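Colleague: Could you walk me through how to read the contacts between protein and DNA here? I'm happy with the basics at the bench, less so with a model on screen.

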Number of protein chains: 2
Amino acid sequence: MTDDVRWLSPDQLEAWLDLAALMIRLPAALESQLQRDADLSQFEYFVLAHLSESPGREVRMSELAAMSNGSLSRLSHVVSRLERKGWVLRRPSAEDGRATMTWLTDAGLAKIVASAPGHVERVRDLVVDALTPEQLEALGAACRVVLDRIDARDGESCAGRPGPRPAGRSRGCGDEA
Amino acid sequence: MTDDVRWLSPDQLEAWLDLAALMIRLPAALESQLQRDADLSQFEYFVLAHLSESPGREVRMSELAAMSNGSLSRLSHVVSRLERKGWVLRRPSAEDGRATMTWLTDAGLAKIVASAPGHVERVRDLVVDALTPEQLEALGAACRVVLDRIDARDGESCAGRPGPRPAGRSRGCGDEA
DNA sequence: TAGCGTCAGTTGAAGCATCAAGTCCACATC
DNA sequence: GATGTGGACTTGATGCTTCAACTGACGCTA
């Protein structure tokens, strides 16, 4: 019954297992640094970082969710926590009454400015400086291919049936750098 | 005060952001397939899969935790759940009274046999078949470099002070394939 | 064989993510 | 201008992960 399955070759399996291990252990390794030094989760760090780089230090919730690769629900909870700590503020959008804008306070900016160097140092240590420029470029390219594939599949399931998409971003943010 | 930080170059930043996005979205994409088709988390899948491939369908808890890239505590909770569903059994080890052996039941074997094809198909679709063999190999190689770096850092913090290590596996399981 | 440090695993509490409603607003249609 | 549909969040409940004790078992030393 399950015999026309195309199992992975040994080489493919090894590469896949290494990637799977990386997806579990690298986030954990980064989280532990952030948690220890800044008492932030990686998601919280992303949110603050994206806010700090946005014009007016202000971004729409839905946009922020897409940038941070998270669901709107998750972001809402996180922003509530960040708000409680005084790092962000919420206000309704002037243009669109449905939208909520999140604004980074001075305290929030100070927080991310203080936390960024340690985090970048860790990213350098574990990833960027560990690889040759060619390896890093190849890694990034492979990631983009897979991400595009994920987006394509999300889009398909969206067209196929009316069910909700996970976080549905259009991967149109290639303008970061 | 924070001015001797070596920030990332645009190229480095782009590669890093793509990797960061991948680490969040690929696990989610795989989980959703497993959840929908098999009602399993990826971690549960890993546990069952490792058990099914082990001699006697039986593995020590601590060994299983290392193979699955998870903490012993997490594994213990998960095994409790799997036990409740009748897919695994626990028994004390004969050789070492401290150790607990986890054994995959027939029902558990049937479960993983039924779930594997769909999961492998998804991994193929999103990753293995999306990349050229060279890209996949390069991706795997980059992952190994980073994983080794993470292990090295874990080891350092272990030598430096007596505190507990995260999940401390020795990355000595390169014999999977 | 008693004592001590360590290892292996379990457990309960606390925190975070996910899921399913629910609310409010905008826009199109009649 | 009333109605309906869909978008943009928010909220509460549920479940999983993590963290910090805690329990026993092993092995060494005396």
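**Reading the DNA surface**

Modeller: Start with one contact: a backbone N or O atom of Gly97(A) lies 3.0 Å from a phosphate oxygen of DNA strand C. A polar contact is a pair of N or O atoms within 3.5 Å; within protein, one must be able to donate a hydrogen and the other to accept it, and residues adjacent in sequence count only if both atoms are side-chain atoms. This is a predicted model, where local features need pLDDT of at least 70, side-chain atom pairs need pLDDT 80 or more, and totals for chains, interfaces and linings use all residues. Residues are numbered from 1 along each chain as written, chains are lettered from A and ligands numbered from 1 in written order, and side-chain values use heavy atoms, without hydrogens and water.

Colleague: Which polar atom of Ser62(B) is 2.8 Å from a phosphate oxygen of DNA strand C, backbone or side-chain?

Modeller: A backbone one. For Arg90(B), a polar side-chain atom sits 2.9 Å from a phosphate oxygen of that strand.

Colleague: How many residues surround DNA strand C?

Modeller: Near means a heavy atom within 4 Å. By that rule 19 residues surround DNA strand C, with Ser73(A), Arg74(A) and Arg81(A) among the closest. Of the strand's atoms within 4 Å of the protein, 68% belong to sugar or phosphate and the rest to bases.

Colleague: Which element gives the most to that surface?

Modeller: Helices are DSSP runs (H or I, at least four residues), numbered from the N terminus. Here α4(A) gives the most, with five residues.

Conventions: Helices (H or I, at least four residues) and strands (E, at least two) are DSSP runs, numbered from the N terminus.
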